Structures are given as structure tokens and as C-alpha cells.
Amino acid sequence: MLDQIRVVLVGTSHSGNIGSAARAMKVMGLSQLVLVEPACEIDGQAIALAAGAADIVENARIVSTLDEAIADCGLVVGSSARSRSLEWPQLNPRECGIKTIQEVPAHPVALLFGRERTGLTNEELQKCHCHVYIPANPEYSSLNLAMAVQTISYEVRMAYLDKEAQAFPADDSLPEYPRTMELEKFFDHLYDVMEQTQFISSRSGMVMAKLRRLFVRARPEEQELNILRGVLSSVQKSLAGQKK
């Protein structure tokens, strides 16, 4: 079950943080590490700080885009250290651990962590189903990357152990949710139709962000998403017929 959970580090700039994050993961039983466009090399410092978790660092998958890292995931949770202008569904670390373990039997789950200094961008966070916020001391809330990975990984492990002990029941009726790649195709399709109908003229505004939030919050099942895609295709077919 834990092998279905991947920790995704985006734009990491210090190799030692990759090693420390790998160590934090292995202590809690996680092993799948993905690096998105790291700004550093996997060097001796990364291996040294990984301690006994060098295997996780050496087997880490390196990709050039976040989309590639999460394409097959049915649940994506992004860590966010600050409030955003556009509110997103939010979990605390304990809720994040429980939700991860509840859903991981059905599909891979990605836990995203951003850059050391700036975290995840708004665009990256909008690719997530929900955000997780660590409620640290407001007078000193400075958590480094490995600490954040350790905190969330601990809650995932505790939820896993609870499930093993049947402290909370598994949800055997979990719907079939679309993977992230399918959801992104839907958003591209939606944008194309809104542009063709002249409802929207630019992807850069808040309209697409709010629509993303709407559908992420509603979380349509795979069949429901297919129906929505069918509606959009019908609109495009009608538009094409009007032009003849």
C-alpha cells in the first residue's frame, strides 16, 4: 500500500535536502521519490544526509514537469505554508494522512512539496485536489523541507497503522476517480470551448482558476467527467455545424 504513495519534490535547490527528505520518508516506510526539475545534482551530500536511505535517492525518478510526475495519480495533495488569494480545499496533516491511506488502494497518491524558499507556485497548487497546511507556531513557523516531509510522512504512517489495526474502516465503495492527466485534458477541453464560444479570451485570468477549484471541490467521478467531456464535444460539434 505504501508503495503507491509518492513524495514529489519540486525545484529543490539543495542536494542535502533531497537526502534528508529521503531519510524522513524511509523512517516512515515510504520509498517512492520523484524530483521535478531539481536545481541541483544528486551528489555526495545528498547520499550522506540520506544516511541509510541512499537507495531512495539513487532510485528517485527525475522528471522535467509536474504534469509528468502526477499524471497517473487519483489524488494529489500539495503542501502550502501560506494562505492564498483563492481558497482551496484544505487538510491538516492528520486529515491528509487519513485521506491518503483511505484512497491509496484505488489509485496512486502524490504528496507535493515545493521549493525551499518559495514553496509551490499558485499554478502548481491549482493542480492539486487539496492542500495540506502544517499549523506551526505562528511566532516561528520556519519548517525546512525535510521537516515538512517528515511531518506529513509520520501522519501517513500513523493512518496506515490505524488501518492495519482496523481503527477506522476502509472505504470499499470508493468511486473511480479520473487520474490527474484525464482531469488536465478536461480543463484544456473546457478552456477550448469557452474560447470558441467567446466566453473567455485569456487563460491568465481568475476564471479558469475558479473553475478548477469548482471541479476539484466537486471531484467528479470518471464516468461523470466523461459525460462533461461529451457535453463539451457536443457544443463544439454544434459550433462547427453553424460555420458551414
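Which helix holds Lys-185? Lys-185 lies in helix H8, which covers residues 180–196. The structure described here is a predicted model.

## Fold and dimensions

The chain contains 10 helices and seven strands. Its radius of gyration is 19 Å, close to the 18 Å given by the globule rule for 244 residues, so the chain is as compact as a globular protein of that length. Measured out along the principal axes, the C-alpha trace spans about 65 × 40 × 40 Å.

## Contacts and burial

Of the contacts in the chain with a separation of 6 or more, 85% are between residues 24 or more positions apart. Buried residues make up 45% of the 244 residues.

## Surface and charge

The accessible surface of the chain is about 12800 Å². Carbon and sulfur atoms account for 49% of that surface.

The chain carries 25 positive and 30 negative side chains. The centres of these two sets are 5 Å apart.

## Lys-185

Is Lys-185 in helix H8 buried, partly exposed or exposed? Lys-185 has a relative accessibility of 45%, and therefore counts as partly exposed; the partly exposed class runs between the buried limit of 20% and the exposed limit of 50%.

Lys-185 can also be placed relative to a residue elsewhere in the sequence, Arg-229. Lys-185 and Arg-229 are 44 residues apart along the chain, and their C-alpha atoms are separated by 9.3 Å.

How values were computed:
Residues numbered from 1 in each chain as written. Predicted model: local features only at pLDDT ≥ 70, side-chain atom pairs only at ≥ 80, totals over all residues. Heavy atoms only, no water. Helix = DSSP H or I, 4+ residues; strand = E, 2+ residues; numbered from the N terminus. Rg over C-alpha atoms; globule rule 2.2 N^0.38 Å. Buried < 20%, exposed > 50% of the residue type's maximum accessible area, 1.4 Å probe, protein only. Contact = heavy atoms within 4.5 Å. Areas by Shrake-Rupley, 256 points an atom, 1.4 Å probe, with all protein chains shown as cover. Lys, Arg positive; Asp, Glu negative; His and termini not counted. Charge placed at Lys NZ, Arg CZ, Asp CG, Glu CD.
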